[in-house]
2 protein chains.
Amino acid sequence: MQFHHHGYVSTDPRVQPAAGIGLDRPADLPDEVDVLIVGSGPAGMITAAQLAQFPDVNVRIIERRPGRLAIGQADGIQARSVETFQAFGFAERIIAEAYRITEMAFWGPDPEDPSRIIRTSSPEDDPTGISEFPHLIVNQARVLDYFAEAALNAPGRVTPDYGYELTGLTVTGEGEHPVEVTVAHTDGERTGERVIRAKYVVGADGARSGVRQAIGCTLAGQSANHAWGVMDVLANTDFPDIRTKCAIQSASGGNILLIPREGGYLFRMYVDLGEVAEDDDHKVRQTPMEEVIRKANEIIAPYTLDVKDIAWSSIYEVGHRITDRFDDVLPDERGTRTPRVFITGDACHTHSAKAGQGMNVSMQDGWNIGWKLGHVLDGRADEALLDTYSLERQVVAQNLIDFDKEWSTLMAKRPEELGDPQAVADFYTQTMEFPAGFMTEYAPSMIVADSAQQELATGFPIGKRFKSARATKVADTNDVQIGHFHTADGRWRIYAFADAAKPGEASALADWADWIADDPESPIAAHTPAGADTSALLDIRAIYQQVHDDIDLNDVPDAFKPVVGPFELVNLENVYAAIPGDDIFDVRGISRDGAVVVVRPDHYVAHVLPLSAKAELAAFFRGALRPAAR
Amino acid sequence: MQFHHHGYVSTDPRVQPAAGIGLDRPADLPDEVDVLIVGSGPAGMITAAQLAQFPDVNVRIIERRPGRLAIGQADGIQARSVETFQAFGFAERIIAEAYRITEMAFWGPDPEDPSRIIRTSSPEDDPTGISEFPHLIVNQARVLDYFAEAALNAPGRVTPDYGYELTGLTVTGEGEHPVEVTVAHTDGERTGERVIRAKYVVGADGARSGVRQAIGCTLAGQSANHAWGVMDVLANTDFPDIRTKCAIQSASGGNILLIPREGGYLFRMYVDLGEVAEDDDHKVRQTPMEEVIRKANEIIAPYTLDVKDIAWSSIYEVGHRITDRFDDVLPDERGTRTPRVFITGDACHTHSAKAGQGMNVSMQDGWNIGWKLGHVLDGRADEALLDTYSLERQVVAQNLIDFDKEWSTLMAKRPEELGDPQAVADFYTQTMEFPAGFMTEYAPSMIVADSAQQELATGFPIGKRFKSARATKVADTNDVQIGHFHTADGRWRIYAFADAAKPGEASALADWADWIADDPESPIAAHTPAGADTSALLDIRAIYQQVHDDIDLNDVPDAFKPVVGPFELVNLENVYAAIPGDDIFDVRGISRDGAVVVVRPDHYVAHVLPLSAKAELAAFFRGALRPAAR
Ligand SMILES: Cc1cc2nc3c(=O)[nH]c(=O)nc-3n(C[C@H](O)[C@H](O)[C@H](O)COP(=O)(O)OP(=O)(O)OC[C@H]3O[C@@H](n4cnc5c(N)ncnc54)[C@H](O)[C@@H]3O)c2cc1C
Ligand SMILES: Cc1cc2nc3c(=O)[nH]c(=O)nc-3n(C[C@H](O)[C@H](O)[C@H](O)COP(=O)(O)OP(=O)(O)OC[C@H]3O[C@@H](n4cnc5c(N)ncnc54)[C@H](O)[C@@H]3O)c2cc1C
């Protein structure tokens with residue numbers, strides 16, 4: 001965490017200095033806004049938190065509820081989401097209060113007495129160390145609270161406007177604020193409708209999205225829903241794995257997904273209620289909780305469950321569905337105009353709760369559109385950037401639906417249909433990277449280069465998220481995860497991995513450093529807004545092959561020691577050294593001739609290229625960003 | 001973190017349910033209180049935060065300042081303090097914002113050109129892994145903020161009463177509230193004095209303590225002060241170790257202690273201004289900061305320092321001093337009455353800033369008296385317990401003064417006096433355990449047993465702080481630090497290390513478990529207040545020699561699965577297993593026949609004894625605690 005460089009910070013450094021709109025943000029929803037986000041679920045809140053880092057963008061987030069979410073909905077937090085929380089400044093706090101999954105247990109009928117269940121296997125949850133962050137379970141409300149805090153503590157001081165419901169939306173195409181939205185008050189005191197005009201609208205309004213309907217998207221997928229009885233309960237039981245995540249199948253075909261929850265006592269059970277007939281008309285929702293508990297007891301026999309308190313429960317009905325598009329541009333319009341309305345999260349894709357993906361994928365949708373809108377609205381990038389949202393996220397959603405179909409079909413199979421009793425556990429182990437959130441791989445575009453030079457940094461696959469690795473921060477000799485400095489501040493990172501020479505000696509890195517700092521063609525010169533610090537847009541870091549004792553900061557080129565803030569202080573923290581025995585060059589397969597790795601504001605690797613390819617680097621950024629106004 | 005067992009917690013689980021006084025705590029300082037703490041520095045705030053865990057105790061903390069401390073004072077946080085922060089629930093947050101010391105660099109005159117300094121060595125800060133927590137540097141104000149939050153979020157909802165100054169104190173010895181304190185308002189609006197009657201007063205009012213004077217303590221020690229120019233600055237420099245903790249000595253005899261600070265830019269310099277003549281009359285305080293900066297530049301030549309902003313500065317004058325007693329009981333009264341007034345922190349002991357101890361030792365003082373007052377006032381222990389405060393902490397203070405004298409004398413020596421240029425670095429490395437806070441070892445008393453059976457658990461020395469170690473939490477298969485569940489909740493911990501048998505088999509542990517749960521002589525039966533959960537006072541945990549896969553929770557005795565809260569839920573989280581390759585029995589030298597380790601509320605090991613020594617365990621607790629009222 002860096003602070004004090006704008007002057008001494010005595011209180012919580014997580015509260016960043018207000019700027020732009022944040023200096024004087026009106027309490028009431030204004031008539032005109034740059035971005036109107038509809039819905040304060042995970043997708044909407046992360047979009048708001050990201051845009052709050054662009055304080056010149058006037059962003060508002062409306063929510064039909066009168067206040068914060070208190071209880072229920074999703075609870076599975078994949079490691080990719082925890083990485084994301086780290087970028088938004090609250091990973092360590094949410095980890096401290098969440099439940100941490102280390103194993104998943106599979107239970108099935110005892111072949112010797114199928115009326116009893118036995119444990120069939122307990123695979124480790126992340127045997128390969130796919131992330132340095134854990135896999136967590138925590139109430140969705142807490143995730144939203146932390147994002148709300150991040151949005152409020154960011155320079156833009158964004159906070160949800162509760163008690164407003166979107167009732168209509170039209171893209172007029174006219175003027176600077178071409179989207180016209182009608183909103184109604186949902187709290188008793190205020191009545192009537194208002195019209196808000198926005199440059200852009202983000203529909204983060206959940207599975208029954210009104211924004212989706214307004215832009216005429218169609219949902220494809222299963223016609224029928226699947227139903228689960230979901231309960232967050234306080235209970236006593238002799239089921240020995242009650243505090244382990246479990247998939248439990250009984251001989252009768254019943255099945256439970258058991259999720260231990262934060263705090264040591266609470267747990268959630270998804271009791272499968274099967275496919276819902278098309279003419280059911282939500283009758284399944286009348287299933288009494290006593291019936292769900294009775295079913296659960298039946299499934300876990302010979303163990304029993306004594307429920308003391310039902311903290312939350314729901315009959316959760318959902319199908320595998322995906323929209324035909326993620327924005328308001330019709331297929332035959334694509335290329336002729338850029339989108340004005342986007343949909344994110346459950347508004348675009350729904351699927352079973354079995355793989356615990358809903359909240360996680362929704363957050364990545366929201367982050368993706370958030371930084372892009374920030375870039376366009378503060379003049380860093382052309383509107384064309386906004387087409388990449390749909391391009392990137394639609395594929396992810398389709399993969400998710402496909403994965404979830406396979407997984408939930410497998411989990412719903414009766415034991416005799418499965419054949420191999422290990423089939424479910426094996427699938428779980430083999431596909432772990434997907435639900436952990438690390439299979440996303442964006443295709444080449446204006447913000448993702450092709451992988452012609454991937455072999456220079458094999459551990460940082462282009463289009464995938466930058467997987468952090470350890471190095472020594474030279475200035476203070478701390479061994480750190482270099483990825484953890486990549487906070488959600490809207491900046492791009494350029495990691496310059498050095499060739500073999502020491503700082504102070506002639507080298508490809510030294511040449512590159514001179515070029516990036518001084519050449520009029522360099523991306524810093526081309527894209528940094530006039531008057532801003534050189535590191536305001538592109539955060540450039542050097543990683544040397546030497547150990548820290550062999551590096552004198554005085555010999556390191558100025559490109560890696562940017563001057564920041566009103567006191568023109570030198571930032572010494574962007575220079576890293578290899579850790580003996582844990583050398584990042586080996587761990588991530590970096591060429592000993594050096595390499596440049598470009599990472600987008602949302603952690604995805606955008607480019608890998610040699611230190612010598614200066615023109616190519618400049619060209620990449622010319623394609624991604626606008627020339628700075630001077 | 002455990003929660004939800006008293007009902008669903010939707011918001012921050014760090015906010016514990018209010019209870020007792022906390023349900024309806026008056027905003028204004030009442031006329032009668034159980035405990036009046038004077039001063040909201042580190043010593044006072046930790047006392048308040050600890051007593052806030054005893055919500056039936058009416059505790060108030062007055063502070064002369066109008067509000068929170070904003071800037072300045074100490075910044076060194078030893079690992080023992082970070083352990084303490086963990087117990088109060090904020091270690092992970094303060095670590096995330098603090099500077100972390102991994103090395104300390106020593107600089108001295110270059111023998112070839114003594115006008116220039118060179119680095120003579122850079123020893124690692126904690127080469128032996130003395131704690132799992134780091135050594136930090138952070139503004140004292142942040143430490144106080146976190147304790148303020150902990151006190152406010154605790155059941156007692158304690159918060160400082162700012163703007164009150166103690167002006168007089170008399171121990172009347174009469175009635176239930178035998179200490180009479182006069183306080184004056186320090187804010188302009190309210191004037192006049194008030195009298196507050198207290199059962200006990202804790203003087204945490206700093207080096208010029210009025211409480212100390214009121215109880216007639218005398219200060220012994222150096223007559224003369226030593227002075228430093230202290231500055232928290234934002235500056236640019238070519239001194240290459242500017243972000244490493246450094247001791248810098250120049251040939252001229254000048255010396256600097258350099259402390260990098262949180263946030264990446266700020267650092268502190270202690271520039272030695274030497275002994276202050278007795279007749280100086282604080283003239284040294286008029287030393288202009290320009291003069292201090294000039295001196296600093298002279299010392300670090302050939303490097304230079306370009307100060308851009310002085311965030312805080314002070315001429316810090318202090319001597320090695322210690323009071324003759326830590327409470328109001330005169331030597332010849334000792335044993336005839338128990339103390340009513342205590343002094344803590346700088347009120348008892350002052351010393352140089354060189355070893356960075358002031359804030360740390362003060363916090364341990366405050367924690368020590370805090371839990372003891374809580375025990376006495378809520379009826380858990382006899383008043384005799386209060387005599388142990390002075391007994392325990394006076395020795396620590398004396399050791400601190402002795403250590404600090406040696407250290408600061410060494411650091412102030414001219415290079416030619418030192419002989420060996422490594423002498424300072426060597427002393428630093430050899431004595432590291434002291435400044436890290438782990439040399440405290442309490443002598444036998446009513447709350448510390450003798451070490452007759454120490455060999456059963458050699459890694460948990462009686463009288464020293466319980467050094468955490470790793471084990472698997474069986475219920476959720478998480479590898480954890482068992483010490484991290486020892487929060488500052490005022491409870492004692494009893495760790496029952498098992499003999500070799502598995503749960504379910506006959507064993508010494510199973511016998512012990514039956515006894516502790518069911519025998520009328522057991523400490524649970526003897527001391528747990530009527531109507532409270534069995535784990536309300538003594539938190540009992542089992543550590544098995546097996547790995548977690550070999551333990552079925554259904555076979556574990558009920559003593560280790562206490563029933564808690566209004567729903568009578570079973571707590572499954574007190575059962576641990578050995579981690580293969582990191583076996584706590586080996587790591588901490590535990591007998592394979594098992595052992596019982598008793599740990600006090602403030603983390604100090606109180607007793608080590610065999611599983612068979614039931615009567616001895618009961619007798620120990622009879623000496624420490626009162627029989628519960630029935
Ligand atoms: C009742 C419920 C139960 C769920 N249970 C589970 C579960 O058990 N397991 C699981 O994995 N997932 C569950 N989910 C799904 C999971 O919560 C979602 O995948 C996740 O929240 C998606 O995030 P989102 O931001 O896209 O949408 P949501 O979290 O649904 O957020 C949408 C927000 O928009 C608001 N909104 C909707 N329409 C309007 C409007 N017109 N104007 C203003 N505001 C509007 C809503 O009030 C809501 O706050 C559940 C969802 C719901 C709604
Ligand atoms: C100005 C100053 C600068 C310091 N600089 C350094 C440094 O550079 N390095 C270092 O290691 N240590 C420094 N210290 C010492 C370090 O801060 C202390 O060791 C540490 O704070 C001790 O904690 P404490 O709680 O015992 O006392 P303090 O932190 O001194 O707290 C005492 C509190 O009591 C209040 N108080 C005093 N009298 C009354 C009264 N009559 N009524 C009500 N309230 C009262 C004070 O306002 C203060 O808030 C400094 C201390 C001070 C006061």
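# Salt bridges, interface and cores of a two-chain model

Arg337(A) is partly exposed, with a relative accessible area of 26%. The structure to which this residue belongs is a predicted model. Arg337(A) forms a salt bridge with Asp328(A), and the closest N and O atoms of the pair are 3.0 Å apart. The acidic partner has a different setting: Asp328(A) has a relative accessible area of 6% and is therefore buried, the limit being under 20%. Arg337(A), at 26%, lies above that limit but not over 50%, so it is classed as partly exposed.

This pair belongs to a wider set, for a search of the whole structure finds 104 salt bridges over all chains. One of them joins Asp232(A) to Arg268(A), with the closest N and O atoms 2.7 Å apart. Asp232(A) lies in strand β13 of chain A and Arg268(A) in strand β16, which covers residues 267–275, so the bridge ties together parts that are 36 residues apart in sequence. Both ends of this bridge are buried: Asp232(A) has a relative accessibility of 0%, and Arg268(A) has a relative accessible area of 1%. Another salt bridge links Asp602(A) with Arg600(A), where the closest N and O atoms are 2.9 Å apart. Asp602(A) is buried at 2% relative accessible area, and Arg600(A) is likewise buried, at 0%.

Polar pairing of side chains also appears at Asp161(A), a residue of strand β8 (residues 161–162) of chain A. Asp161(A) is buried, with a relative accessible area of 7%. The side chain of Asp161(A) is joined to that of Arg60(A) by a polar contact of 2.9 Å. When neighbours within four places in sequence are set aside, Asp161(A) is in contact with Ala27(A), Leu29(A), Arg60(A), Ile61(A), Ile62(A) and Glu63(A).

The account now turns to the place where the two chains meet. Interface size is often expressed as the accessible area lost when the parts come together. Here chain A and chain B bury about 5100 Å² between them, and 53% of that area is on carbon and sulfur atoms. Each side of the contact is made of 62 residues, from chain A on one side and from chain B on the other. What joins the chains by charge? Six salt bridges are found across the interface of chain A and chain B. Arg14(A), for instance, forms a salt bridge with Glu97(B), with the closest N and O atoms 2.9 Å apart. Arg14(A) and Glu97(B) are also members of a network of salt bridges that links them with Asp12(A), Glu92(A), Arg68(B), Arg142(B) and Asp145(B).

Polar contacts between chain A and chain B involve 38 residue pairs, counted with both residues at pLDDT 80 or more. On the side of chain A that touches chain B, the elements giving two or more residues are α3 (91–97), β4 (99–101), α4 (140–153), β13 (226–237), β17 (305–318) and β26 (569–570). The largest share of this side, four residues, comes from α3(A). By class, the side of chain A that touches chain B has 25 nonpolar, 17 polar and 20 charged residues.

The nonpolar interior comes next. The largest nonpolar core has 196 residues, of which Phe147(A), Trp492(A), Trp512(A), Phe560(A), Val597(A) and Ile248(B) touch the most other members. Helix α8 of chain A (residues 387–412) gives the largest share of this core, nine residues. A second, separate core has 143 residues, among them Ile46(B), Met359(B), Ala613(B) and Ala624(B).

Some backbone features remain. Most residues other than glycine have a negative phi, and most peptide bonds are trans. The peptide bond from Ala301(A) to Pro302(A), however, is cis, with omega near 10°. Pro302(A) is found in the loop between α6 (289–299) and β17 of chain A. In chain B, the bond from Ala301(B) to Pro302(B) is cis as well, with omega near 15°.

Which phi value does His282(A) have? Its phi is near 60°, a positive value in a residue other than glycine. His282(A) lies in the loop between β16 and α6 of chain A and is partly exposed, with a relative accessible area of 37%. Thr477(B) also has a positive phi, of about 55°, although it is not a glycine. This threonine, Thr477(B), lies in the loop between β21 (470–473) and β22 (478–481) of chain B, and at 9% relative accessibility Thr477(B) counts as buried.

Notes
Residues are numbered from 1 along each chain as its sequence is written. Chains are lettered from A and ligands numbered from 1 in the order in which they are written. This is a predicted model: local features need pLDDT of at least 70, side-chain atom pairs count only at pLDDT 80 or more; totals for chains, interfaces and linings use all residues. Side-chain values use heavy atoms; hydrogens and water are left out. Contact means heavy atoms within 4.5 Å. Buried area is the accessible area (1.4 Å probe) that two parts lose on being put together, summed over both. A salt bridge is a side-chain nitrogen of Lys or Arg within 4 Å of a carboxyl oxygen of Asp or Glu. A polar contact is a pair of N or O atoms within 3.5 Å; within protein, one must be able to donate a hydrogen and the other to accept it, and residues adjacent in sequence count only if both atoms are side-chain atoms. Ala, Val, Leu, Ile, Met, Phe, Trp, Tyr, Cys and Pro count as nonpolar, Asp, Glu, Lys and Arg as charged, and the others, Gly among them, as polar. A nonpolar core is a set of buried Ala, Val, Leu, Ile, Met, Phe, Trp, Tyr and Cys residues joined through side-chain atoms within 4.5 Å. Buried means under 20% relative accessible area, exposed over 50%, partly exposed in between (1.4 Å probe, protein chains only).
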